[in-house]
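Student: I should like to learn how strand order and helix packing are read from a model. Might we work through one case together?

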Amino acid sequence: MKKLLALVSALTLSAALLAGCASAPASTPASTGSTAGAASTAAEAKPVELRVVSSFSGTDGNRKAFETAYKAWEAATGNTVKDESQTSDETWKAKVLADFETGSDPDVLFFFNGNDANTIVEGGKVVSIEDIRKEYPNYASNMNDSSIPASPVDGKQYAVPTAGYWEGMFTNTKVLEDCGLTAPDANTTWDEFLEMCETIKAKGYTPIAASLQQVPHYWFEFTILNNDGVTGHLNVPATADDAAGKAWQAGLEDIKVLYEKGYFPANTLSASDEETFQLMYDGKAAFAIDGSWKTGQIVDNVDADHLADYTCTYVPAKGDRKPTDIIGGLSMGYYITEKAWADPDKRAAAVSFVEALTTDEVIIEMAAGSAATALKVAPPKPADLNSLQEAAFNMVAGATSVTPAVQDYIKPEAKAQILETDTKLVANGSITAAQALENMIKANG
């Protein structure tokens with residue numbers, strides 16, 4: 001497992017950072033290995049409706065590219081998509097897995113490829129890329145196989161990835177300017193960051209836009225990385241007192257300090273992620289840690305005249321970690337379910353759909369100038385990046401390491417316990433960090 005994770009990290013760091021510059025093509029007849037990846041190897045069949053579950057909801061930065069691509073596929077094939085996209089959070093993940101348990105399997109699923117998917121792999125609910133290629137040998141042929149993450153269950157590859165992800169710090173530069181500050185950079189320490197937050201708070205702004213109620217994930221990940229470093233970050237605690245356990249406790253304690261100092265929104269324990277990030281759009285908050293998809297969302301929500309008020313930079317560091325050591329990976333992809341595979345007509349349509357949604361052109365658009373991919377083709381940096389995309393591109397290009405998110409390598413029950421329930425309880429002093437660790441370890445089995 002460690003070798004696999006290290007490989008994903010290295011590939012994520014070195015993969016091309018691509019920009020959205022192409023429209024989504026319709027599926028075309030089979031190719032002979034073209035890197036365009038647009039070829040459908042699926043045979044002609046009567047039109048069907050595919051039930052597709054994904055995280056490409058209306059708030060996702062890649063919603064437009066996803067919808068454009070599948071509508072082009074519908075027009076080209078005569079098939080239809082029952083689009084059941086929702087926002088990716090722990091509640092959504094639990095619902096997806098529960099649907100499989102009750103027999104409500106979708107035909108195609110865009111989902112996580114780490115431990116979150118273990119139950120559907122163990123239950124034989126999804127089909128491996130290896131098995132699909134026995135009938136459709138060109139399936140995902142535009143991908144570097146070595147870049148496609150494997151399931152922790154059996155080492156097989158199931159999900160065809162789109163754009164990878166990274167996590168970084170988005171800042172409202174106008175707020176910082178009013179406070180006499182500049183954005184953190186590749187050398188900013190955690191102590192300096194705390195001083196910046198104090199200055200911002202004193203000026204009447206909210207230093208950090210984050211919901212500890214809904215999405216504490218990013219701050220959880222980086223505060224732990226600050227305490228266990230790159231080499232130890234993928235070690236999951238076996239006890240609250242082992243090296244990893246102590247690092248996780250220290251990370252949770254750092255979140256508690258931020259809460260106690262009043263650096264989070266006043267309603268951070270009850271507000272949604274959407275509500276708290278709105279503070280950034282309203283010019284009332286300075287910092288937010290989020291994923292690469294947030295780049296596209298900001299571009300879509302901010303008019304061009306004010307886009308320069310936002311930038312993306314490194315999360316300040318302490319200990320052995322450098323600010324340029326970031327979190328990232330290829331964490332999600334398209335699965336074809338056994339339910340669709342068992343139906344000859346849906347089998348062909350599902351293969352055609354996944355191929356159409358993972359062409360070079362579609363993935364390049366989703367990468368939006370700043371995300372890693374598993375594509376064989378690695379176009380150069382485009383010339384038409386906006387200022388936020390340029391900042392994100394430079395941030396990732398300057399990374400000294402890319403480490404996967406450790407939360408993706410604990411069981412869903414354990415992740416829900418520590419992120420949905422216990423992080424906010426540690427922050428407000430209801431439980432100790434040690435108690436939170438014990439709860440997580442118990443849930444992780």
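Student: In what order do the five strands of the open sheet lie?

Tutor: In general, strands of a sheet pair through backbone hydrogen bonds, either parallel or antiparallel. In this predicted model, the open sheet of five strands follows the order β2-β1-β3-β10-β4, and its pairing is mixed.

Student: Which strands form the edges?

Tutor: The edge strands are β2 and β4 (160-161), each of which pairs on one side only.

Student: How do β1 and β2 run, parallel or antiparallel, and how many bridges join them?

Tutor: Strand β1 (residues 49-53) and strand β2 (residues 80-83) run parallel and are joined by four bridges. To fix the register, one may take Glu 49, which stands opposite Thr 80 in β2.

Student: Which helix belongs with these two strands in a β-α-β unit, and what is the handedness of that unit?

Tutor: Helix α2 (residues 63-77) combines with β1 and β2 in a β-α-β unit that is right-handed.

Student: What is the direction of β3 relative to β10, parallel or antiparallel?

Tutor: Strand β3 (residues 108-112) and strand β10 (residues 332-336) run antiparallel, with five bridges between them. Here Val 108 stands opposite Ile 336 in β10.

Student: Across which strands does helix α3 lie?

Tutor: Helix α3 (residues 90-101) lies across β1, β3 and β10, and runs at about 135° to β3.

Student: Turning to helix pairs, why are α8 and α9 described as oblique to each other?

Tutor: The angle between the axes decides the term. Helix α8 (residues 217-232) packs against α9 at an angle of about 125°, with the axes 8 Å apart. An angle of 65 to 115 degrees would count as roughly perpendicular and one over 145 as roughly antiparallel; α8 and α9 are therefore oblique. Their crossing is right-handed.

Student: Which residues of α8 and α9 meet?

Tutor: From α8, the residues include Trp 219, Phe 220 and Ile 224; from α9, they include Trp 248, Leu 252 and Leu 258. The residues of this contact divide into nine nonpolar, three polar and two charged.

Student: At what angle do α9 and α17 pack?

Tutor: Helix α9 (residues 243-260) and helix α17 (residues 433-444) pack at about 125°, and their axes are 9 Å apart. This pair is therefore oblique as well, and its crossing is right-handed. Among the contact residues are Gly 245, Trp 248 and Leu 252 of α9, together with Ala 433, Leu 437 and Met 440 of α17. Seven nonpolar, two polar and one charged residue make up the contact of α9 with α17.

Definitions and conventions
Residues numbered from 1 in each chain as written. Predicted model: local features only at pLDDT ≥ 70, side-chain atom pairs only at ≥ 80, totals over all residues. Heavy atoms only, no water. Pairing = 2+ DSSP bridges. Right-handed = clockwise from strand over helix to strand, strands pointing away. Axes fitted to C-alpha atoms, helices over the stretch in contact; angles between N-to-C directions. Parallel < 35°, antiparallel > 145°, perpendicular 65-115°, else oblique. Left-handed = near helix turned anticlockwise from the far one by under 90°. Contact = heavy atoms within 4.5 Å. Nonpolar A, V, L, I, M, F, W, Y, C, P; charged D, E, K, R; others polar.
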